[in-house]
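Subject: Structure for you to look at

Hello,

Here is the structure I said I would pass on. Please open it and keep it in view while you read the notes below.

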Amino acid sequence: MRKHIIQLVAAARPNFMKIAPLYHVLKTENWCELALVHTGQHYDTNMSDTFFADLNLPDPDYNLGVGSGTHAEQTAGVMIAHERICLEHRPDIVVVVGDVNSTLACSLVAAKLHIPIAHLEAGLRSGDRKMPEEINRIVTDSICDILWTPSPDADENLKGEGIPEARIIRVGNIMIDAFEQLRRQVEKQNTPKRFGLKPAGYGVATIHRPSNVDKPAMLELMVKKLGAVAKLTPIIFAVHPRTRASLIRNGLQDRLSELPGLQLCEPLSYVEFMSLVTSAQFVITDSGGIQEETTYLSIPCLTVRDTTERPITITQGTNRLTQWESLVDDVKEVKAGKWPKGVRPEYWDGETAHRVAKSLKEFFDNRDYS
Ligand code: UD1
């Protein structure tokens, strides 16, 4: 019997840990062959290579090397390069994950070539179409054949958009699989020690969304408020390249790095970063995935955004949306032990990749290849 060719699309930092658990599970199946595609949306060593190493991913079969640019440039660049490899090595299905520009670009290419597409982490919605990721999510989900969701709210969002129920399959949260697969390494790593931090005696900050870092006034407010929080508790801030560039452009880099109690570091590898998070007292972020990881680990998460596409982390978990102005009060609440412990959502259990593999097998078994 011919093996089904499954193309897995990795692209940017948040997506590597969504692809890796699936790659490792599918690699052990005898009915499929894998083609790993890296679009090159993220390309720095510490935004890409260290993740491949930590997550035990091989070199990609195809590296599209697209890099940075405006949204149109990046999306179009991925589409042109991805179309070429799909025409040459026609996969039986394209699997995309998350909500970055490459997710949208590769879905569009596959849809127009009539190649089935599956989206892992489907159905998340912030309701805010000013976020590029929201546009990517809506368009991707509207053209996918299989929508694997992490939570009931995602199922409801898709049904509300008229997606046939038969396409929606709740599989849980793949990020938790990545964490569980690397838990031992994370526990051995001891990143806090490297930065002179005591377990549960510091906060971790990661901020990179355009809404927080692109406008000078917001960036300045961030610097001021992080400074105020760092007076209460030591803060370690892993600085994303977008944030770093904006800090330099706006002449705020030195002011931030000189704040008492605050340390800056480059983006960390997955294992190094999760080692920091697991021992943190709280996390300040605008990331998507970190809202989920902190809920799973029962660590208070202060998300500096107006909306979240992951509301279950608020209703069931340890996450709260906040503003820079309220951050000091939030941290005081955490320090006073008043934060909810939360519960883990259903299927956030490290078994999501197995559910996805089962769903893929069923998809192929039910297709008529005559
Ligand atoms: C992208 C995703 C976002 C995700 C984030 C995680 C979209 C629309 N956004 O945003 O959802 O949360 O990744 O990082 O897809 N850069 C480097 N080296 C790199 C990558 C980026 O220096 O390896 C710099 C470039 O100057 C680039 C900027 O960072 O212009 C932004 O990168 P880009 O991939 O466009 O968007 P992110 O802000 O990283």
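Start with two helices, and keep in mind that this is a predicted model. Helix α13 covers residues 270-278 and helix α14 covers residues 289-297. The two pack at an angle of about 50°, and their axes are 11 Å apart. Angles of 65 to 115 degrees would count as roughly perpendicular and those under 35 degrees as roughly parallel, so α13 is oblique to α14. The crossing of α13 past α14 is right-handed.

Which residues in α13 and α14 meet? From α13 they are Y270, F273, M274, V277 and T278. On the side of α14 they are I290, E293, T294 and L297. Sorted by class, this contact has six nonpolar residues, two polar and one charged.

Next, the sheet. Six strands form an open sheet, and their pairing is parallel. If you follow the strands across the sheet, the order is β10-β9-β8-β11-β12-β13. The edge strands are β10 (262-265) and β13 (319-321), each of which pairs on one side only. From one strand to the next, the twist averages 20°. As background, strands of a sheet pair through backbone hydrogen bonds, either parallel or antiparallel.

For one pair in detail, look at β12 (residues 301-303) and β13. These strands run parallel and are joined by three bridges. Opposite R320 in β13 stands L302.

A helix also lies across part of this sheet. Helix α10, residues 216-230, lies across β8 (203-206), β9 (235-238), β10 and β11 (282-285). With respect to β9, α10 runs at about 145°.

The last item is another pair of helices, α1 (residues 13-27) and α17 (residues 352-365). Their packing angle is about 55°, with the axes 9 Å apart. That angle makes α1 oblique to α17. Helix α1 passes α17 in a right-handed crossing.

Where do α1 and α17 meet? Helix α1 contributes P21, L22, V25 and L26. These meet A353, H354, V356, A357 and L360 in α17. The residues of this contact divide into eight nonpolar, one polar and no charged.

When you go through the model, I suggest taking the items in the order above.

Regards

Key
Residues are numbered from 1 along each chain as its sequence is written. This is a predicted model: local features need pLDDT of at least 70, side-chain atom pairs count only at pLDDT 80 or more; totals for chains, interfaces and linings use all residues. Side-chain values use heavy atoms; hydrogens and water are left out. Axes are lines fitted to C-alpha atoms, for helices over the stretch in contact, and angles run from 0 to 180 degrees between N-to-C directions. Helices (H or I, at least four residues) and strands (E, at least two) are DSSP runs, numbered from the N terminus. Angles under 35 degrees count as roughly parallel, over 145 as roughly antiparallel, 65 to 115 as roughly perpendicular and the rest as oblique. A crossing is left-handed if the near helix is turned anticlockwise from the far one by less than a right angle, and right-handed if clockwise. Contact means heavy atoms within 4.5 Å. Ala, Val, Leu, Ile, Met, Phe, Trp, Tyr, Cys and Pro count as nonpolar, Asp, Glu, Lys and Arg as charged, and the others, Gly among them, as polar. Two strands pair if DSSP finds at least two bridges between them.
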